[in-house]
Amino acid sequence: MPDKKIIAVMGATGAQGGGLARAIAADRNGPFVARAITRKTNSDKALALARLGVEVVAGDADDPPSLERAMAGAFGVFCVTNFWEHFSAEREGAQATAMARATRKADAQHVVWSTLEDTRRWVPLSDTRLPTIHGKYKVPHFDSKGQVDHVFAEEAAPTTYLLAAFYWENFIYFGMGPRKGPDGDLTLALPLGSVRLPGIAAEDIGRCAYGLFRRGTGTVGQRFGIAGEILSGAEMAAKMTGALEHKVNFQDVPFDVYRSLGFPGAEDLGNMFQFQAILGDEFLRSRDAAISRSLNPDLLNFDAWLTANASRIPIA
Ligand SMILES: NC(=O)c1ccc[n+]([C@@H]2O[C@H](COP(=O)([O-])OP(=O)(O)OC[C@H]3O[C@@H](n4cnc5c(N)ncnc54)[C@H](OP(=O)(O)O)[C@@H]3O)[C@@H](O)[C@H]2O)c1
């Protein structure tokens with residue numbers, strides 16, 4: 001494979017980067033090979049990637065020199081950070097900044113940065129509709145990504161911006177799935193504020209990133225917001241009813257109630273949902289299924305995702 005270009009993938013052992021590494025590996029006649037960057041080169045997920053033919057190298061976003069070594073020789077780099085590992089917007093910003101600078105040092109030609117909106121552009125700290133968190137954020141796990149976009153623009157290799165949507169896998173892993181009530185019926189409870197929610201199969205995010213690398217550096221500087229489908233709470237509940245063969249009702253939880261649930265990140269997520277409701281149609285326009293399908297023709301809609309995943313949704 002001497003003429004193939006290397007795409008170095010941060011988060012390759014996770015959902016977003018994993019989808020990209022698998023998409024590259026699956027396209028055997030494609031122009032790229034994947035290189036997975038991980039802190040744990042011997043983990044089960046790293047070894048599974050190696051079995052697909054993905055090169056696995058050590059790199060830690062908290063250790064900038066290790067990133068420069070890991071990205072050396074790469075044509076492209078996919079950058080993603082994991083806020084939920086440490087819940088620190090400052091640390092996430094530092095990790096993203098280190099990645100951005102390392103892509104330039106590695107002389108990469110194309111970066112795809114998985115970012116999100118800095119919500120304070122729309123809802124400044126003085127706006128009391130959303131409580132301010134830690135004195136300087138409205139939606140910490142969004143703001144921390146969006147606030148380093150300028151670092152990618154100024155200090156990274158040429159960058160394309162990818163904005164993911166709510167993973168439908170949150171219904172499996174993130175405790176957001178339907179819960180059983182005393183009457184035996186299931187309730188999907190989310191704070192949507194009556195607006196529809198752009199959602200996506202997690203694997204499709206990396207596949208869309210692959211579409212961006214395939215499309216080439218003409219996308220540099222552009223923002224691509226992706227989604228598999230945009231659905232109301234009632235529509236998601238109805239589709240779950242069919243897939244789970246069990247009645248699922250939708251309950252729109254008040255934002256304040258959701259913020260006070262007490263689990264780690266509840267305030268952040270409550271503000272995130274309310275931010276999406278405040279933006280309304282503008283937020284829906286920022287995540288586009290047609291654009292996503294043009295990047296990734298196999299994009300799943302919610303029905304297709306449910307067909308493959310309904311049996312994995314835990315019914316609590
Ligand atoms: N859940 C959603 O609905 C949703 C929607 C949009 C955006 N997001 C964003 O998605 C991000 C998480 O992405 P994901 O879901 O793909 O992650 P994930 O599946 O939880 O996996 C985390 C990945 O990050 C890597 N990682 C973490 N810290 C690292 C470090 N210091 N150095 C190198 N690699 C590191 C891990 O690699 P190793 O452990 O192998 O080193 C792993 O591959 C979050 O920031 C979240 O805000 C989530």
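Which residues that surround the ligand are the closest? In this predicted model, the ligand has 30 residues around it, and the closest are Thr13, Gln16, Thr38, Thr81 and Tyr167. Sorted by class, this shell contains 12 nonpolar, 11 polar and 7 charged residues.

Several polar atoms of the protein face oxygen atoms of the ligand. A polar backbone atom of glutamine 16 lies 2.7 Å from a ligand oxygen. Side chains take part as well: an N or O atom of tryptophan 84 is 3.5 Å from an oxygen atom of the ligand, and for the side chain of glutamate 92 the corresponding distance is 3.4 Å. On its own the ligand would expose 930 Å², of which the protein buries 86%. Two or more residues of the shell come from each of the elements α1 (15-26), α4 (89-105), α5 (140-146) and β7 (166-167).

Helix α4 also holds glutamine 95. Is this residue, glutamine 95, buried or exposed? With a relative accessibility of 8%, glutamine 95 counts as buried, because that value falls under the 20% limit. Once neighbours within four places in sequence are set aside, the contacts of glutamine 95 are Ala61, Asp62, Thr81 and His86. Thr81 in this list is also among the closest residues to the ligand.

Turning to charged pairs, the structure contains 17 salt bridges. One of them joins glutamate 85 to arginine 39, with the closest N and O atoms 2.7 Å apart. This pair connects distant parts of the chain, 46 residues apart: glutamate 85 sits in the loop between β4 (76-79) and α4, while arginine 39 sits in the loop between β2 (32-38) and α2 (44-51). Glutamate 85 is partly exposed, at a relative accessible area of 43%, and arginine 39 is likewise partly exposed, at 43%.

A second salt bridge is found between the side chains of aspartate 303 and lysine 239, at an N to O distance of 3.1 Å. Which parts of the chain does the pair of aspartate 303 and lysine 239 tie together? Aspartate 303 belongs to helix α14 (residues 302-309) and lysine 239 to helix α9 (residues 233-244), so the salt bridge ties together parts that are 64 residues apart in sequence. Both partners count as partly exposed, aspartate 303 at 37% relative accessibility and lysine 239 at 23%.

The salt bridge between aspartate 256 and arginine 259, with an N to O distance of 2.8 Å, lies within a single helix, α10 (residues 255-259). The two residues are separated by about one helical turn because they are 3 residues apart in that helix. Their surroundings can be contrasted: aspartate 256 is exposed, with a relative accessible area of 56%, whereas arginine 259 is buried, at 10%.

Elsewhere, salt bridges with shared partners join Asp118, Arg120 and Asp143 into one network. Arginine 120 is placed in the loop between β5 (110-115) and α5. The side chain of arginine 120 also makes a polar contact of 2.8 Å with the side chain of glutamine 147. With residues up to four places away in sequence left out, arginine 120 touches Leu125, Lys136, Tyr137, Lys138, Asp143 and Gln147. Asp143 therefore appears both in the salt-bridge network and among these contacts, as a contact is counted for heavy atoms within 4.5 Å.

The loop between β5 and α5 also holds histidine 134. Histidine 134 is exposed, with a relative accessible area of 65%, and its phi is near 55°, a positive value in a residue other than glycine. Most residues other than glycine have a negative phi. Glutamate 245 is another non-glycine residue with a positive phi, of about 50°. This glutamate is located in the loop between α9 and β13 (248-252) and counts as exposed, at 73% relative accessibility.

How many Å separate the C-alpha atoms of histidine 134 and alanine 26? The separation is 43 Å, for two residues 108 positions apart along the chain. Alanine 26 is part of helix α1, one of the elements that give two or more residues to the shell around the ligand. At a relative accessible area of 63%, alanine 26 is exposed.

Notes: Residues numbered from 1 in each chain as written. Predicted model: local features only at pLDDT ≥ 70, side-chain atom pairs only at ≥ 80, totals over all residues. Heavy atoms only, no water. Near = heavy atom within 4 Å. Polar contact = N/O pair within 3.5 Å; in protein donor to acceptor, adjacent residues only side chain to side chain. Areas by Shrake-Rupley, 256 points an atom, 1.4 Å probe, with all protein chains shown as cover. Helix = DSSP H or I, 4+ residues; strand = E, 2+ residues; numbered from the N terminus. Nonpolar A, V, L, I, M, F, W, Y, C, P; charged D, E, K, R; others polar. Salt bridge = Lys/Arg side-chain N within 4 Å of Asp/Glu carboxyl O. Buried < 20%, exposed > 50% of the residue type's maximum accessible area, 1.4 Å probe, protein only.
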